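Biologist: Could you take me through a few of the labels used for this structure? I would like to hear the reasoning behind each one.

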Amino acid sequence: MHRHVKPAAPRSTFHYHPHLTARKCDSEGNYIPSTSPPPPRDNSEDWTPFADRPSFEFAELVFEKMETSAGDLDRLLKIYAAKTLLDGGGDRLFDNHDDLYATIDAIQHGDVPWKTFRVSYRGPVTADSPSWQTEPFVIHARDAYAVAKQMIGNPDFDGKWDYRPFEEYTGPENRRWCNLMSGQWAMSKADEIACDPQTHGAMFVAPVLGADKTVVSVQTGHSEFHPLYMSLGNIHGDVRRAHRDAVIPLAFLAIPKAPREHEDEEQFRRFCKQLYHTSIAKIMSPLKSAMTTPEVMRCPDGHFRRVIFQLGPFIADYPEQVYLAGIVSGWCPKCLARPSELDAIGEPRFRQHTEQLKNAYRDQPGHLWDTWGVVDDVTPFTDQFPRADIHEMITPDILHQLVKGTFKDHLVSWVEVYIYAHNEPKEAKAIMDDIDRRIAVVPGFPGLRRFPEGRNFKQWTGNDSKALMKVFLPAIVGYVPDQMVQCIAALLDFSYLARRSAHESSTLTAMTKALERFHATRVIFEMTGVRSDFALPRQHSLVHYVQNIQRFGSLNGLCSSITESKHIRAVKRPWRRSSKYKALDQMLRTNSRLLKLANARIEFGRRGMLKGDVLHYVSKQLGVDGLDEEDENEGDDAFDAIDIHGNADVVQSITELPRRQAYVSSLQSLARELGQPDLQDIIRRFLWDQLYHGDDIAGDQAPIDACPPFSGSIRVYRTATSTFYAPSELAGPGGMHREIIRSVASWYDGYQRRDTVLIQTGDDGDRMGGMLVGRIQVFLSFVHDDERYPCTLVDWLIPCGNRPDPVTGMWKVSPDGTRGLIHLSSVVRACHLIGVYGETRIPRDFRFAYALDSFDCFYLNRYTDYHAHETIAST
Ligand SMILES: [Zn+2]
């Protein structure tokens with residue numbers, strides 16, 4: 001195995017909170033020695049309420065994955081019963097769909113049922129009052145205490161759970177921020193809690209809330225839902241993003257409606273806010289007493305601990321933040337910067353100050369509103385809980401503030417406004433069309449979403465905006481002032497840094513600098529008349545990012561893209577399978593069943609009852625031989641082989657050939673096929689470099705007769721896989737990310753596809769981080785002296801100049817017409833090139849598959865993903 005290895009970062013030191021030490025205790029709360037084993041759990045094989053494993057897996061498959069309708073389910077069960085009858089009888093799987101649903105409902109593992117409560121308007125009501133004043137609002141919620149207890153006891157989170165707030169240092173002055181418990185907020189809250197000696201030894205647990213309205217649409221209309229989700233801050237951020245049980249739907253909030261003519265009335269709007277806060281306070285109230293008096297709970301590692309709760313960060317988009325913080329729309333929920341002064345950070349808002357303001361200006365609500373941006377009679381729900389400060393708890397929201405807000409709604413639109421304002425209408429339209437075509441013809445890349453129609457689509461999703469970020473910059477070069485391109489590049493750099501899963505002082509400094517560059521270059525939109533000011537709350541929020549990373553750790557684990565992705569499972573799919581009439585009740589039942597199935601899977605898994613494949617499991621139990629278990633892990637050995645947690649060298653990436661070659665060729669016929677008559681010499685010089693590495697003479701200078709002889713056969717491959725450590729992506733196990741690199745003469749649509757890769761040829765400090773770009777002509781391997789050499793023959797692209805292009809900040813590379821055979825261990829990963837378009841407009845019939853053959857010069861794209869941004873040098 002050939003690895004591209006970098007020396008490990010120095011070992012971290014950890015300073016844990018001195019009082020909230022998460023000591024182990026027994027189920028009564030008496031502390032026990034730290035070396036005690038966890039109390040035994042029931043590990044017997046018990047499939048209750050299912051008859052056996054096939055019944056459980058069948059129920060899970062048809063209900064959760066396939067979402068089979070009741071009618072289809074009955075038919076399926078009938079067919080199965082008939083087959084069993086033919087084969088001589090036996091038990092049915094389930095009688096019918098009712099039987100299957102009833103069995104799921106009977107699952108007892110971690111059952112947290114949905115309950116309802118009602119909230120009504122309390123003011124004076126007359127016969128003419130609108131319905132929102134006369135009818136109660138129904139809120140559906142699970143018991144927050146029970147949900148928290150269940151999550152804390154989930155053995156799946158063992159190893160992905162922080163038991164104590166801590167500070168991590170990689171050097172004397174160099175702090176590292178990663179998960180929530182590594183931030184200042186957890187430490188300082190733990191300090192406040194520890195003022196009470198009875199909490200010493202307890203485990204600090206921070207419920208994280210997220211709320212986000214969502215609309216489901218059908219042709220006949222649409223329905224709106226307002227789910228509130230809960231997670232726990234102790235769960236690692238990447239697990240919160242990826243694990244289906246790390247964020248649980250806790251409640252569906254009421255959405256009051258008023259007749260359109262009353263919608264904007266202040267009285268109605270105020271009621272909506274009060275209803276919102278009253279509801280959340282009531283939903284969270286079961287946790288309140290455990291915020292001052294610890295409660296004994298079982299933890300992911302099976303031990304009991306005394307748990308003390310503290311309301312944690314709240315994930316929400318800007319309109320919801322306005323609601324939450326009780327501020328006037330247009331103001332910042334975290335600081336007092338006035339709407340006209342949103343360029344800079346203002347004095348911080350905090351709970352006591354807001355309360356003082358409300359007391360001082362009780363008789364002047366207008367003054368509170370105009371001068372402080374505070375709504376007088378909305379009391380945040382957090383005021384009912386100890387130590388909770390809503391201004392502090394509101395977290396940055398990368399998805400709405402950076403991706404959808406600043407990038408797409410602001411910058412992308414402003415560019416369009418600029419182009420229309422500074423060109424004749426016909427020319428402006430032609431330019432916009434060309435920008436669309438430039439975007440449409442970028443070369444393919446793993447995970448890159450294509451824009452065959454350019455960017456002209458109606459329904460923009462967050463993922464569309466993220467995809468546009470990857471390809472937008474080169475498309476506008478030449479059509480807008482350079483400073484506009486630089487401004488967008490600065491914002492992209494800021495965004496990609498903000499998405500890192502771990503930060504150190506250096507990345508926070510880089511973020512601060514990128515933001516300064518963004519503010520400095522942004523004025524071009526004023527100078528060109530596109531904007532008269534930048535009083536934009538979403539853009540303002542960026543000034544709080546660095547501080548909030550220091551408080552809460554990486555923002556990845558707290559982004560509203562987490563709650564948005566949960567909508568699919570909690571709202572959208574359950575809604576689709578409902579009858580649409582009084583849908584919420586049916587959706588809650590579906591949610592309940594999904595949670596029960598998930599908890600049953602966790603419990604059965606913990607007991608070791610779900611090992612291997614179901615058929616193998618049953619045949620082994622019956623003592624039947626001859627059924628080989630399929631090797632589910634085939635091809636995954638690279639994941640297993642990489643020890644990313646070890647303290648030895650950190651593996652950055654591995655590029656490997658597949659197990660089977662496409663074909664085997666003789667040296668002569670491969671040389672003919674590649675149009676490379678000197679292939680034999682190339683291989684011999686390659687072997688010189690491999691065998692005499694460090695010799696004064698390089699292979700290409702060595703006399704050919706002195707090079708090792710070679711005439712054997714050659715294995716040829718169409719693909720290679722590159723596996724690298726990229727925890728900021730939604731990655732595989734242990735933060736590993738895998739991509740396939742291709743070199744094929746005829747891809748799906750008949751065009752050749754020759755991917756480009758980054759190749760490490762020098763040191764980090766060299767030009768472009770010591771890397772070059774190669775375009776793969778072929779992957780091959782051959783044997784010399786009993787050693788197999790995996791290689792690739794590449795066309796070289798070399799950097800133009802000694803630094804990146806000053807406008808886009810990206811390196812430009814050009815093919816220099818030479819080829820080289822390199823060892824696969826030098827391949828770092830795939831990379832994405834985008835043509836430098838210059839003055840020429842893209843012809844209408846131009847295909848993206850031609851792009852790599854058609855331009856003289858390319859941008860080396862830093863924005864394909866966060867790992868590329870991290871890997872490709874910016875200086
Ligand atoms: Zn602010």
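Modeller: Here are some helices and one arginine, label by label, and keep in mind that this is a predicted model.

Biologist: Let's begin with a pair. What makes H15 and H16 roughly antiparallel or roughly parallel?

Modeller: Helix H15 (residues 462-476) and helix H16 (residues 482-498) pack at an angle of about 165°, with their axes 10 Å apart. Angles over 145 degrees count as roughly antiparallel, therefore H15 and H16 get that label. Their crossing is left-handed.

Biologist: Which residues meet there?

Modeller: From H15 come Met469, Lys470, Phe472, Leu473 and Ile476, and from H16 come Val485, Ile488, Ala489, Leu492, Ser495 and Tyr496. Sorted by class, the contact of H15 with H16 has nine nonpolar, one polar and one charged residues.

Biologist: Now H25, please. How do you know that its buried residues line one face of the helix?

Modeller: Take the list to start with: in helix H25 (residues 667-674), Leu667, Leu670, Ala671 and Leu674 are buried. Looking down the axis of H25, these buried residues fall within an arc of 105°, so they line one face of the helix. On the other side of H25 you find Gln668, Arg672 and Glu673, which are exposed.

Biologist: What do the buried residues of H25 pack against?

Modeller: Their partners include helix H26 (679-691), strand E19 (663-666) and strand E25 (771-784). After H25 comes Gly675, with a positive phi near 65°.

Biologist: Does the same reasoning carry over to another helix? Which residues of H3 are buried?

Modeller: In helix H3 (residues 97-105), the buried ones are His97, Leu100, Tyr101, Thr103 and Ile104. Down the axis of H3, they fall within an arc of 160°, so the buried residues line one face of the helix. Among the elements covering them are helix H1 (53-65), helix H2 (70-86) and helix H22 (583-606).

Biologist: H22 also holds Arg593. Why is Arg593 called buried or exposed?

Modeller: The relative accessible area of Arg593 is 11%. Buried means under 20%, so Arg593 is buried.

Biologist: And what is Arg593 in contact with, leaving aside its neighbours within four places in sequence?

Modeller: Arg593 is in contact with Phe63, Tyr101, Ile104 and Asp105. Two of those names came up a moment ago: Tyr101 and Ile104 are among the buried residues of H3.

Methods: Residues numbered from 1 in each chain as written. Predicted model: local features only at pLDDT ≥ 70, side-chain atom pairs only at ≥ 80, totals over all residues. Heavy atoms only, no water. Axes fitted to C-alpha atoms, helices over the stretch in contact; angles between N-to-C directions. Helix = DSSP H or I, 4+ residues; strand = E, 2+ residues; numbered from the N terminus. Parallel < 35°, antiparallel > 145°, perpendicular 65-115°, else oblique. Left-handed = near helix turned anticlockwise from the far one by under 90°. Contact = heavy atoms within 4.5 Å. Nonpolar A, V, L, I, M, F, W, Y, C, P; charged D, E, K, R; others polar. Buried < 20%, exposed > 50% of the residue type's maximum accessible area, 1.4 Å probe, protein only. Arc of directions from axis to C-beta.
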